[in-house]
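Grab a pencil and open the structure viewer. Below are a few short exercises, each with a worked solution.

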Amino acid sequence: MFRTFRHRLLFWFLVFISFSFVIIMLSITYLQKRETVLKRTEAIEKSYVMLLKSVKAQQDFFSHASRDPQFFKTGDNQYLDQYLTLLDSTRSYLMQLDFEEESALIGGIEFIKSDITEIDAVFLELIEQIQARGYKNFNLEGSMRKDAHWLEQIDEIATEDILYLRRYEKDYIMRNESVYVTRLNALVTKLRKQIVDDRSISRARKDAILYYLDGYRNKFIQLVKLDQRIGIRDNSGLKQNLDQKITICEEDFSNLVLYTEEWAKAEFKQLTIYFGVIAFLLLIVSILISTLISRKITKPLTELTKHITRFVDSNFTLETEHPLIRTDDEIGSLTRNFSFLKDEVISRLKFFKQKVDERTEELATANKRLLRLSEANSRFVPEEFLQNLGRESIEEVQLGDQVEREMTVVFSDIREFTKISELLSPQENFDFLNEYLSGIVPIIQRNGGFIDKFIGDSVMALFPDNPDAAIQTVFEFEDFIEEYNQRLQKNIALPIQIGTGIHTGKLILGTIGHDHRLETTVISDAVNTASRVEGLTKYYDAKVIGTEHTLSKLKNKKAFHYRFLDTVKVKGKTKTLSVYEFIAPGERMKITQLKMYNKGIKFIENKKIREAAVIFSELHRENPKDRAVEIFFERCENYLEKKTSSWDEITHMITK
């Protein structure tokens, strides 16, 4: 019927479009009917909710309006307005309902409308009675209180009797018990008889007093009757009638909601069955048509796909086999063109493969060279430095890059290196330093630090994370130095010792120089301080000295042995520093004496110099080589012998 594949496909496409259109129209019809049912059920539920809210507004009105002066003055109340609005909304929702074919639902709605009308009538009557009763200075209760206030001002009735009258009145209003009505009535009768029998009171005065006394009692009795008529306090009278009608209306509404839900379920079930059958029939027809089309289209395409798959699996080398051309339409033309394309691809791939092999070999050579260059750069610029600058490689580093961080700076220096270097030739000096640094640097890196620079025989290292690792690193130096000295004895007579200064503070890591010559560096007062503290190790004959700031930053102080050395002012600094000696595990004598040493320091802090002198004298006798003990002992002696005017002397270091 159709010669070209395009025309056949277009025909079947139109068939599918027609079926789809029918299904869409059915779906729209189904949704519209479902929406109609949902709207009716929602209207019932909304009207029920509005009724419940109006009942809640009634309760709020009874709780607040009966004591609201504004209501008795103007008749306005927010809860009354809310009730009227909600009741109107309930009626509006009910008026919108249309159940022409459901007489039971229509009858239920009419019952509810009637119930709402009755509720509204009783509630309006309650409002009138509450307003007539009044509150405090308004309406009946206000008039009664005016009479009571007039009686309180006269001298003919004892103040005690007036107080009893007001007490009975208030007790009744608060407790709603009839006994107080009886007591008040009896007391008024008694007072009335006293006034009538009292001959000292003029006739006109008696009439006036009796007028207000009888008026007070009559109004009180009327107020009692109104309370009984209203019935809010004991849920009787109009209030009880209102609650009964609300209960009936709620039951009718609940039944209507349940019946509406059952009706909606039945409607949905009927709609689902009806449209489900139609959709199922259309689905069967669509499957049959799809099967027919697939047989017409997929067979030649499947053969072509299989051939293409074999061609790809052969790495584009399948030269002899070609797909069969079964039709003269577009699919046949596609098959024919693929055969030509396959031959061309095979030819070009052979050429490209040769070129790719050549380029791959060149790239491999260049890659090896780049790896060697990258490794060489990392020796000059530590990777940790790049990480702190936020750079992934040295290519990203620019002049002026900088970052501020808090780090622990470690300066380590070989003692008397000048004497050692004089014994060595230049080549031996270089070999000596490189061997020494080859042992020190791995220890620093293993504990999370990195080298900032080498300054002759000195090493400057940075620890970004915590000072605990820095101190642990310096202690591990001692193990290396001990082993290194054993090797040195074969070539050099003098064993080496190192002194280390540690300080924690803020510093700036960055790059300085020129666009054609950059250098990474650290700039900070913390760096200078660490360098000066390292110089103190010679004066105090200590291996490791740290500042008070480093000590305060330790996460685990109990893991180390340390002791206070001095308060010093190093070269180039105006502020004083409190410095501490960190004692290595191998310094057994200092660790043994640490408790007595700290006790002596405590005596000094408390100005007990004589007691401190005794302790430091004993420590010096046991360990005369301990320079810190010697210094404190000498100062105590000088102070006691009055060679110094004040203990608060600061050690000035005039050298580095």
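**Exercise 1.** Find the nonpolar surface patch that includes Ile273 and Ile287, and say how exposed isoleucine 287 is.

*Solution.* Start with the members: Ile273, Val277, Phe280, Leu281, Leu283, Ile284, Ile287 and Leu288 make up the patch, and together they offer about 770 Å² of accessible area. Patch residues have over 30% relative accessible area and no salt bridge, with nonpolar side chains (Val, Leu, Ile, Met, Phe, Trp, Tyr) joined within 5 Å and like charges within 9 Å. Areas come from the Shrake-Rupley method with a 1.4 Å probe, and for residues only the protein chains shown count as cover. Next, isoleucine 287 sits in helix H9 (residues 237–313); helices are DSSP runs of H or I, at least four residues, and strands are E runs of at least two, numbered from the N terminus. Last, isoleucine 287 is partly exposed because its relative accessibility is 44% (buried is under 20%, exposed over 50%, partly exposed in between).

A quick word on the ground rules: this is a predicted model, where local features need pLDDT of at least 70 and side-chain atom pairs pLDDT 80 or more, while totals for chains, interfaces and linings use all residues. Residues are numbered from 1 along each chain as its sequence is written, and side-chain values use heavy atoms, leaving out hydrogens and water.

**Exercise 2.** Which residue does glutamate 169 pair with in a salt bridge?

*Solution.* The partner is arginine 166, with the closest N and O atoms 3.0 Å apart. (A salt bridge puts a side-chain nitrogen of Lys or Arg within 4 Å of a carboxyl oxygen of Asp or Glu.) The two are three residues apart in helix H6, so about one helical turn separates them. Now check burial: glutamate 169 is buried at 0% relative accessibility, and arginine 166 is buried at 11%.

**Exercise 3.** Where in the chain do lysine 543 and glutamate 478 lie, and what links them?

*Solution.* A salt bridge links lysine 543 to glutamate 478, with 3.3 Å between the closest N and O atoms. This pair ties distant parts of the chain together, 65 residues apart: lysine 543 is in the loop between H15 and S6, glutamate 478 in helix H14 (residues 467–488). As for exposure, lysine 543 is partly exposed at 32%, whereas glutamate 478 is buried at 18%.

**Exercise 4.** What is unusual about phi at aspartate 541?

*Solution.* Most residues other than glycine have a negative phi. Aspartate 541 has a positive one, near 50°. Aspartate 541 lies in the loop between helix H15 (525–540) and strand S6 (544–547).

Technical notes:
Buried < 20%, exposed > 50% of the residue type's maximum accessible area, 1.4 Å probe, protein only.
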